[in-house]
Amino acid sequence: MTYAWEAAVEAQIRAAVERGEFDNLPGAGRPIPGRDLPYDEQWWIKGLLEREKIPAEALLPTPLLLRKRAERLPEEVRDLPTEAAVRAYAQELNTQIVAWLRTPTGPRVVVRPVDVDAVVGQWRAARARPAAPDVPAAGDGSERRARRRRWWRRTPRP
């Protein structure tokens, strides 16, 4: 019985080869990627994340995601245009944190709401600080080095 099934499958493969359905397949003539690597049970998850360009952080449990967002909050709000936008962004994160604290799921991780006023203060301080230009400090000899001509520039030209 199994021989008949195998024969039918082989017949379909042979017919597909004759029709040319296996010609010009992507990756033809190249080695199979990951063939020399040890077997990984989660190969398909890693492949999906890489293929769809999903950050691995998306697989973290909710409390860890919230904690990471709270840690990165000053960097995330740095480019927001107004104080109201910064407050709204921080308050939205606090809303998510409080919702998780009411019905915690996942691992027990300490997650506290962020201090909105402190975030706004950091944002103001970062906005008030002008971007430091790359100007050499006076007296460090760099201006003399900048004026010094290199030997290939000193050669006389005909």
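Biologist: Let's start with Asn94: which helix is it in?
Modeller: Just so you know, we're looking at a predicted model here. Follow the chain to Asn94, and you'll land in helix α5.

Biologist: Is Asn94 buried or exposed?
Modeller: The cut-off to keep in mind is 20% relative accessible area, with buried residues under it. Asn94 comes in at 7%, so it counts as buried.

Biologist: And which residues is Asn94 in contact with, leaving aside neighbours within four places in sequence?
Modeller: Asn94 itself belongs to α5. Once you skip those sequence neighbours, its contacts are Pro113, Val114 and Val116.

Biologist: Now the largest nonpolar core: which residues have the most contacts inside it?
Modeller: That core is made up of 15 residues. The ones with the most contacts inside it are Leu66, Leu73, Val77, Val86, Leu93 and Val111.

Biologist: Which element gives the largest share of this core?
Modeller: Three elements each give two or more residues to it: α4 (73-77), α5 (83-102) and α6 (116-128). The largest share is five residues, and it comes from α5.

Biologist: Val86 was on your list, so to speak; what does it touch, not counting residues up to four places away in sequence?
Modeller: Val86 is indeed among the residues with the most contacts inside the core. With the close sequence neighbours set aside, it touches Val77, Leu80, Val119, Val120 and Trp123.

Biologist: Over to the surface: about how much accessible area does the nonpolar patch with Ile13 have together?
Modeller: Ile13 is in helix α1, which covers residues 2-19. At 40% relative accessibility, it counts as partly exposed. Its partners in the patch are Trp5, Val9, Val17, Phe22 and Leu25, and together the patch has about 580 Å².

Biologist: Asn24 has a positive phi; about what value is it?
Modeller: Asn24 lies in the loop between α1 and α2 (43-52). It is exposed, with a relative accessible area of 79%. Most residues other than glycine have a negative phi. Asn24 isn't a glycine, yet its phi is positive, at about 55 degrees.

Biologist: Where is Lys53, the other residue I'd flagged with a positive phi?
Modeller: Phi of Lys53 is near 55 degrees, and this residue isn't a glycine either. At a relative accessible area of 72%, Lys53 is exposed. As for its place, look in the loop between α2 and α3 (62-71).

Technical notes. Residues numbered from 1 in each chain as written. Predicted model: local features only at pLDDT ≥ 70, side-chain atom pairs only at ≥ 80, totals over all residues. Heavy atoms only, no water. Core = buried A, V, L, I, M, F, W, Y, C linked by side-chain atoms within 4.5 Å. Buried < 20%, exposed > 50% of the residue type's maximum accessible area, 1.4 Å probe, protein only. Helix = DSSP H or I, 4+ residues; strand = E, 2+ residues; numbered from the N terminus. Contact = heavy atoms within 4.5 Å. Patch = residues over 30% accessible without salt bridge, like charges linked within 9 Å, V, L, I, M, F, W, Y side chains within 5 Å. Areas by Shrake-Rupley, 256 points an atom, 1.4 Å probe, with all protein chains shown as cover. Salt bridge = Lys/Arg side-chain N within 4 Å of Asp/Glu carboxyl O.
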